[in-house]
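Here's a quick briefing on how some helices pack and which of their faces are covered or open. Have a look at the structure first, then read on.

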Amino acid sequence: SGGGLAAKKVQSVGLDVSTKRALMEPDAKNLSLRRQCALLGLDRSSGYAPAPVDDESTENQRVRDRINTIYTDHPFYGSRKLTAVLHREGYRVNRKRVRRLMRAMGLISIAPKPNTRRPHPQQAVYPYLLRGAVIERPNQGWSTDITDLRIEQGWAYLVALIDWHSRYVLAWRLSNTMDTAFCVDALTEALKQHGTPEILNTDQGSQFTSAAFIEVLNHHHIRISMDGKGRALDNIFIERLWRSLKYEGVYSKHYQSLREAQTELSVYFGFYNTDRPHQSLDDRTPEQVYRNAQPPQLLGQQHR
């Protein structure tokens, strides 16, 4: 069956696969694609034209990268403003897509929201203890938070703990999943290396409200403080750490793997703690303030 078409198939013996594919007639009414593949000696799957490349994933990564940058500059932007900025820059996205990507990235505008203090009914939520508090010494108050970082094959998640008095990064962990274990590991390391804080402040994320995380805090008799829902300014010092990290140590890089990100972050946090002067610390480093070191004598001071 198949008439002249079948005759052409018989003559195709010895031809390469691409040439055999060229002999296919997808619109032939009297010969199915399966039969054509059999006559040509082609595997059935080889007879079908490859599907067009779906660049949705690549495009999403481009949009996510840009959202990350814009949000770092303007954390008070919500999905509406981010969508407007992306439109202005030529991205073809709607607000629904921007909102979905923001949720996946864990980004929330710091602008006040209605009912931001309403807890999840099955989640223990603690009051925010640092509002108006005078932080005068190391280990009086710590904060922790999670941010995401772009790597070649997707996203990694970084958790860090910071001392409020000195801005010293006490411990950090990198993970390819948003689980609880890497947060507990970072907390355990900070406690082992630096002692016990009076207060630890977190957001209301599931990692920090988990039984495993809370158990460690209770075991060490640490007072638990939590941000109001959607209020990033309640954890302002670690938000500033993320901004510094991304502009000084991430956006100029292109991490190929989790291992490379781990190495680069180790270098950056070493620089941040021991070499980078902080204006808010009178140009001392976090380590100098945390260790209660005196500021170095600065060269070029004006003489009286």
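A residue counts as exposed when its relative accessible area is over 50%, and as buried when that figure is under 20%. Keep in mind that this is a predicted model. Two packed helices are described by the angle between their axes and the distance between the axes. Two helix pairs are covered here, followed by a look around one helix from each pair.

**H7 against H8**

- Helix H7 spans residues 181-194 and helix H8 spans residues 211-219; their axes come within 9 Å and cross at roughly 15°.
- That angle is under 35 degrees, so H7 counts as roughly parallel to H8.
- The H7/H8 crossing is left-handed.
- On the H7 side you'll find Cys183, Val184, Leu187 and Leu191, which meet Ala212, Phe213, Val216 and Leu217 from H8.
- Sorted by class, this contact has eight nonpolar residues, with no polar and no charged ones.

**Around H8**

- Phe213, Ile214, Val216 and Leu217 are the buried residues of H8.
- Looking down the H8 axis, these buried residues fall within an arc of 155°, so they line one face of the helix.
- Their packing partners are H7 plus three strands: E1 (141-151), E4 (199-202) and E5 (223-226).
- Flip to the face turned away from the buried side and you meet the exposed residues Ala211, Glu215 and His219.
- Just after H8, His221 has a positive phi of about 55°.

**H5 against H6**

- Helix H5 (residues 79-88) packs on helix H6 (residues 95-105) at an angle of about 115°, and their axes are 9 Å apart.
- The crossing of this pair, H5 and H6, is right-handed.
- From H5, the residues Ser79, Arg80, Leu82, Thr83 and Leu86 meet Arg95, Val98, Arg99 and Met102 of H6.
- This contact is a mix by class: four nonpolar, two polar and three charged residues.

**Around H6**

- The buried residues of H6 are Arg97, Val98, Leu101, Met102 and Met105.
- Those residues cover an arc of only 135° around the axis, which puts them on the same side of H6.
- Which residues are exposed on the other side of H6? They are Lys96 and Arg103.
- Just after H6 comes Gly106, with a positive phi of about 75°.

Key. Residues are numbered from 1 along each chain as its sequence is written. This is a predicted model: local features need pLDDT of at least 70, side-chain atom pairs count only at pLDDT 80 or more; totals for chains, interfaces and linings use all residues. Side-chain values use heavy atoms; hydrogens and water are left out. Axes are lines fitted to C-alpha atoms, for helices over the stretch in contact, and angles run from 0 to 180 degrees between N-to-C directions. Helices (H or I, at least four residues) and strands (E, at least two) are DSSP runs, numbered from the N terminus. Angles under 35 degrees count as roughly parallel, over 145 as roughly antiparallel, 65 to 115 as roughly perpendicular and the rest as oblique. A crossing is left-handed if the near helix is turned anticlockwise from the far one by less than a right angle, and right-handed if clockwise. Contact means heavy atoms within 4.5 Å. Ala, Val, Leu, Ile, Met, Phe, Trp, Tyr, Cys and Pro count as nonpolar, Asp, Glu, Lys and Arg as charged, and the others, Gly among them, as polar. Buried means under 20% relative accessible area, exposed over 50%, partly exposed in between (1.4 Å probe, protein chains only). The arc is that of the directions from the helix axis to the C-beta atoms.
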